[in-house]
Amino acid sequence: MFKINTDSKYSRILNDEKEKERAKMHSFHRYYGKLIPAIPSAFIQEFTQKGDWVFDPFTGSGTTAVESKKLQRNFLGVEINPLSAEIARVKTTSLDIELLETVNNEIIRKIEEDRRDYSDHEKPYITNREHWFKEFVQEDLLKIQKNINEYFAMTDKIDCGEIDQYRNFYLIVLSAIIKNASNADTRHVFPGVSKRMRALEAEGKINIDVLGSYKRALKSRTQMFDIYENKNSAVEIIEGDSSLIDLKEYSNKMDLIVTNPPYISSVRYIETLKLEMYWLEEIKSPEEYKKLGDKMIGNDRLHKHEYETIGHTGYKEINDIIDMMQAIDKKSAKIIEKYFKDMEKVIINMSGLLKENKKAVLKISDSKMKRQKIETGKLLTIIAEANGFKLKDVFLDKINNNSRTLTTYRNTYSDIITHDYIVIWEKMNVR
Ligand SMILES: C[S@@+](CC[C@H](N)C(=O)[O-])C[C@H]1O[C@@H](n2cnc3c(N)ncnc32)[C@H](O)[C@@H]1O
């Protein structure tokens with residue numbers, strides 16, 4: 001029975017955790033749909049010991065990963081977006097602060113002394129590049145990027161085996177300032193040049209200083225690495241599709257799962273990061289962009305031929321919703337069918353990885369499509385119960401003020417959200 005527990009001890013544990021100060025590492029890079037760190041932090045402490053393994057099939061920018069490493073647990077994660085996976089990896093690498101400070105100075109000096117003319121250099125492909133970036137911004141971004149790559153091609157300050165980790169830190173810090181340096185309104189989830197930005201531009205109030213922002217970003221990000229006491233915990237972040245990936249080598253190895261799955265038909269995560277992904281050449285063409293977007297669970301970009309025939313799942317409650325939706329809108333019915341079929345595969349993977357009696361904690365949101373409520377939390381729990389889990393607890397999570405941008409976005413764009421739940425499943429004993 002999926003019944004909200006209004007007196008959950010886990011809700012109290014989480015609320016206590018929310019009062020505590022959070023690691024600055026969580027603000028390394030803007031990311032929409034981030035978990036609040038108190039969620040992994042509270043449940044890692046409640047359900048695991050030091051040295052245990054924590055898994056997140058939707059790693060995103062690595063909130064669960066950071067909290068796992070900080071609390072000296074090992075972490076395994078899967079993430080389909082290569083940029084997100086890299087952000088999460090950088091945030092969870094124990095980089096040496098003193099070494100970073102030295103390299104920061106050297107790279108900045110190199111950039112400042114660089115007198116090359118970048119106007120004719122080839123820039124990364126981005127559809128409508130001129131619309132998104134002023135010419136001088138493109139040149140400055142390119143100059144920083146070139147100098148980072150040149151520096152790491154010749155430095156002897158860093159061990160060979162660690163060069164990539166350090167270089168990626170510099171590239172991900174660059175990624176972190178790209179939206180601010182672009183013409184896009186940073187208040188919007190999806191990149192767009194808003195009326196507000198045009199008005200500010202007309203009043204001469206936009207003052208982009210790419211190198212200045214980069215220097216400040218390097219300084220603040222460098223200091224974030226003081227949180228990892230034990231540098232030995234393992235962090236493995238695999239770029240892949242959680243519904244298809246074969247994780248047999250990790251069977252029955254995980255002690256806890258903490259994740260927030262994508263919503264149905266909601267955030268086009270890829271679009272929120274498109275400027276950064278194009279600039280860092282994680283995607284190089286509209287075709288690549290589309291291909292990756294199509295693989296993301298919950299995506300709502302379907303072609304007509306894809307929803308000509310609507311199928312069913314192995315679950316009556318989900319099929320009833322698919323049928324109800326089919327009468328209203330075929331495309332939405334297909335999105336629902338696809339979402340639950342994909343999530344079923346992820347849940348089977350989760351179940352295979354988790355040790356018996358161990359917990360999976362999920363933050364899930366119900367959705368609305370075509371004004372119909374989809375009780376995602378309840379429906380995913382039905383799938384979980386058919387695949388080795390039992391429901392341990394479910395309670396409502398208060399949306400905190402910090403996530404107001406996302407809340408506004410949800411209401412404006414996707415008509416989503418009635419509730420955010422925390423659902424706790426327990427892996428059953430199979431014997
Ligand atoms: C709600 S976000 C997770 C955010 C993360 N907890 C954080 O704090 O940054 C969901 C993530 O799922 C990823 N994703 C979507 N489809 C996926 C798939 N098939 N396999 C793995 N990851 C996927 C998206 O790229 C997105 O980063």
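This passage describes the domain arrangement and the ligand surroundings in a predicted model.

The protein chain is divided into two parts, of which domain 1 is assembled from three segments, 9-94, 234-293 and 342-427, while domain 2 comprises 97-227. The C-alpha centres of domain 1 and domain 2 are separated by 28 Å. Contact between the domains involves 32 residues on the side of domain 1 and 35 residues on the side of domain 2.

The ligand is located in the largest cavity. Its surroundings consist of 22 residues, among which Tyr31, Ser61, Thr63, Glu79 and Asn260 come nearest. In terms of residue class, the shell around the ligand contains nine nonpolar, nine polar and four charged residues.

Polar contacts to the ligand are made by side-chain as well as backbone atoms of the protein. On the side-chain part, an N or O atom of Ser61 is found 2.7 Å from an oxygen atom of the ligand; Ser61 is also one of the residues that come nearest to the ligand. Asp241 places a polar side-chain atom 2.9 Å from a nitrogen atom of the ligand. The backbone is represented by Ile297, where an N or O atom lies 3.0 Å from a nitrogen atom of the ligand. The protein buries 100% of the 610 Å² that the ligand exposes when taken alone. This burial accompanies the placement of the ligand in the largest cavity.

How values were computed: Residues numbered from 1 in each chain as written. Predicted model: local features only at pLDDT ≥ 70, side-chain atom pairs only at ≥ 80, totals over all residues. Heavy atoms only, no water. Near = heavy atom within 4 Å. Polar contact = N/O pair within 3.5 Å; in protein donor to acceptor, adjacent residues only side chain to side chain. Areas by Shrake-Rupley, 256 points an atom, 1.4 Å probe, with all protein chains shown as cover. 1 Å grid on protein atoms, 1.4 Å probe; cavity = no way out; pocket = protein on both sides within 12 Å on 5 of 7 lines; lining within 4 Å. Sits in = over half its atoms within 2 Å of the grid points. Nonpolar A, V, L, I, M, F, W, Y, C, P; charged D, E, K, R; others polar. Domains from an automatic or database assignment. Contact = heavy atoms within 4.5 Å.
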